[in-house]
Amino acid sequence: MPTYSFVGFGLDQLVTTGPNPFSFDNSRNLAAIGNSTIALQPGASFSRITMDDNDAFFQDADGTQDNVGSFTINGTTFGDNTAIETEYSYVIRPVGSTDPAEQITIYNLDINGDRQGIVADRMLQESVTYEIIAGGSDDPSVAYSNLTVCFLEGTAIAVPGGVRAVETLRPGDRVVTLDNGPQEVVWAGWQIVSGAEAHAPVRIDAGVLGNDAPLCLSLQHRVLLRQNGSDLLLPITALVGQPGISQIPMRQARYWHVLLDGHHVLIANGAPAESMYPGPMALRSLPRRDRERVTGYFPDLALGAEWTPARPLVRPGLWQRSQRAEPRAISVPLV
């Protein structure tokens, strides 16, 4: 039977206002729709759950969904073969937003018949308060997913004197950065995930962003753009649907992280794209072993320190709304 992993947040990691959206075990609290908000606790931690399932979807009333190994959520540890399903879902978006692109669906995490937390089809951000809007279901289904922000295997990264496939980079190797010349790789790691839906790579056709060959990134990986004379780093998901930029589902995707001694702009297949930005949520999305390696190199990250980004980081929905309100030409800085 196939095995899948996802990230869940216990109810003790959430802050809610208004009618409690998680009052009931088996159905939504309809009073919460349009009246309640949800946010992550500062420093919220997640639980990584691995499950056996006979299909690729986490859903309600599926008796084949059992966890592999053990995990802890809400202070309780659950052992091997625990029955897990989702009983209901809500659609949320950042408070004040009206943009459908910023909508996220959260799913009640039901363990042994009791509500314990949530999973989401996109990673929640710590600094954002979300409002519950009309939508959701009392009989939901969602493809297994977690957050990945990285390069697809095979991407050519510029190094002094040439290029290297991202999967061949090792600590101590030097890569070219746009602002600071050659910099050493501190850590490189990978994750294998389903290549469907939220994990399907985004393909950028040759030449669209200055790339000299097709470039494939995860949805949340940021690329460098110039707008109205200023540079910004924008998740590629904001550009999906524009000419030459589309998702390409595949059975399985292996994504690579490249961590330097700070946040930098790399050259990937000839286009400017970010190195790993180890913010709090990115760290928590890593497997424990990899997270411990990264914080071992940079202990301040474990204490909540955040790096200065290489350029301003712009949320997809905000950028898309600004484009609709006042369309501005974008370009790619010369690299």
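**Close-up 1. The exposed and buried sides of helix 2 in a predicted model.** R288, R289 and G296 are exposed (over 50% relative accessible area, with a 1.4 Å probe and protein chains only), and they lie on the other side of helix 2 from the buried residues (under 20%) D290, V294 and T295. Helix 2 spans residues 288-297, helices being DSSP runs of H or I with at least four residues, numbered from the N terminus. The buried residues cover an arc of only 130 degrees around the axis, which puts them on the same side of helix 2; the arc is taken from the directions from the helix axis to the C-beta atoms.

In this model, local features need pLDDT of at least 70 and side-chain atom pairs count only at pLDDT 80 or more, while totals for chains, interfaces and linings use all residues. Residues are numbered from 1 along each chain as its sequence is written, and side-chain values use heavy atoms, with hydrogens and water left out.

**Close-up 2. The aromatic pair of F298 and W307.** A search of the whole structure finds four aromatic pairs, counted where the ring centres of Phe, Tyr or Trp (its six-membered ring) lie within 6.5 Å. F298 and W307 form an edge-to-face pair, 5.0 Å centre to centre with 90 degrees between the planes, where edge-to-face requires planes over 60 degrees apart. Both F298 and W307 are buried.

**Close-up 3. The aromatic cluster of F22, Y88 and Y90.** Ring pairs link these three residues, F22, Y88 and Y90, into a cluster.

Terms used. Rings of Phe, Tyr and Trp (its six-membered ring) pair if their centres lie within 6.5 Å; planes under 30 degrees apart count as stacked, over 60 as edge-to-face and the rest as tilted. Helices (H or I, at least four residues) and strands (E, at least two) are DSSP runs, numbered from the N terminus.
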